[in-house]
Amino acid sequence: VDDDTGTKLSDAAKDLLADRLLNGEKPKDVLGNIGRGAQGASDLRDVQNRFADKAASQGKDARKILQEAQNVYADNRTFLELGAREGKIATRVQEANLFADIALKASKEVPRDSFVPWNKLSQYTGKQLSDPKLAASHAATQSLVNAYASAVGGGVMTEGNRLEANRMLYDAQGPEAYEAVVNQMLVETQAALDSPKMVRKHMHGDTGSHDKPKQNVKWDELP
């Protein structure tokens, strides 16, 4: 960046600024720090001329450049939203992992001949929970259900996701099946956390998020 003392921008710096403009960055963000005075005006004209030459050599007209600028703005908004979503999910996934450990330990404390499937245990109240081991299993599983619902709900618990978690657990009619379902719930909460990362990876791929993407791309094949 130049200043009023007459220090001018290098050719490499001018090319970099021109390339940033060509990639859709806002002119005020790219050119805002170019110095004032005669030298600054000269550098600004040079950057703009290089920008025009580069655009022409790449076959980009004003409409295409505007489209790229809109894409950059949209991508930035998407990255912010993905980051916010990931932040909300991360805490819930950690909670789900912790509650899963507690729930599995509580379930194992219940003697096999006293195991009560969740479709029944979830309905227990009062005297039915007088057995402290069943009471602990009931509380731990309920906490896991809530954490799972929040994680797969993007950080916000919804009744629909709570019902789905309960439905999954209803099918577990024995200790081993209960453990298998709990582990599957953890797989799904991790998938919810990985999803924003995979979208970002796709957007940063070699093809770019707005160029022609490969057809039928599988996530594990992304660059």
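**Helix packing in an all-helix predicted model**

In this predicted model, T141, Q142, V145, N146, Y148, A149 and V152 of helix α6 meet N161, R162, E164, A165, N166, M168 and L169 of helix α7. Sorted by class, this contact has 7 nonpolar, 5 polar and 2 charged residues. Helix α6 covers residues 132–152 and helix α7 covers residues 159–170. A pair of packed helices is described by the angle between the axes and by the distance between them. For α6 and α7, the axes come within 8 Å and cross at roughly 130°. The two helices are therefore oblique to each other, and the crossing of α6 past α7 is right-handed.

It helps to step back to the whole chain. The protein chain contains 8 helices and 0 strands, so that reading from the N terminus gives the order α-α-α-α-α-α-α-α. Of its 223 residues, 33% are buried. Among contacts with a separation of 6 or more, 66% are between residues 24 or more positions apart.

A second helix pair can be read in the same manner. Helix α1 (residues 11–22) packs with α3 at an angle of about 55°, and their axes are 8 Å apart. An angle of about 55° lies outside the ranges for roughly parallel (under 35 degrees) and roughly perpendicular (65 to 115); α1 and α3 are therefore oblique to each other. The crossing of α1 past α3 is right-handed. On the α1 side, the contact is made by D11, K14, D15, L17, A18, D19, L21 and L22, and on the α3 side by D43, D46, V47, R50, F51, K54 and A55. These residues divide into 7 nonpolar, no polar and 8 charged.

One member of this contact, D43, deserves a closer look. Is D43 buried or exposed? Residue D43 sits in helix α3, which spans residues 37–57. Its relative accessibility is 0%, and buried means under 20%, so D43 counts as buried. The side chain of D43 reaches the backbone nitrogen of L9 at 3.2 Å.

Residue Q70 offers another case to examine. Q70 is found in helix α4, which runs over residues 62–109. With a relative accessibility of 48%, Q70 counts as partly exposed, because that class lies between the 20% and 50% limits. Along the chain, Q70 and G24 are 46 residues apart, while their C-alpha atoms are separated by 7.3 Å.

How values were computed. Residues numbered from 1 in each chain as written. Predicted model: local features only at pLDDT ≥ 70, side-chain atom pairs only at ≥ 80, totals over all residues. Heavy atoms only, no water. Axes fitted to C-alpha atoms, helices over the stretch in contact; angles between N-to-C directions. Helix = DSSP H or I, 4+ residues; strand = E, 2+ residues; numbered from the N terminus. Parallel < 35°, antiparallel > 145°, perpendicular 65-115°, else oblique. Left-handed = near helix turned anticlockwise from the far one by under 90°. Contact = heavy atoms within 4.5 Å. Nonpolar A, V, L, I, M, F, W, Y, C, P; charged D, E, K, R; others polar. Buried < 20%, exposed > 50% of the residue type's maximum accessible area, 1.4 Å probe, protein only. Polar contact = N/O pair within 3.5 Å; in protein donor to acceptor, adjacent residues only side chain to side chain.
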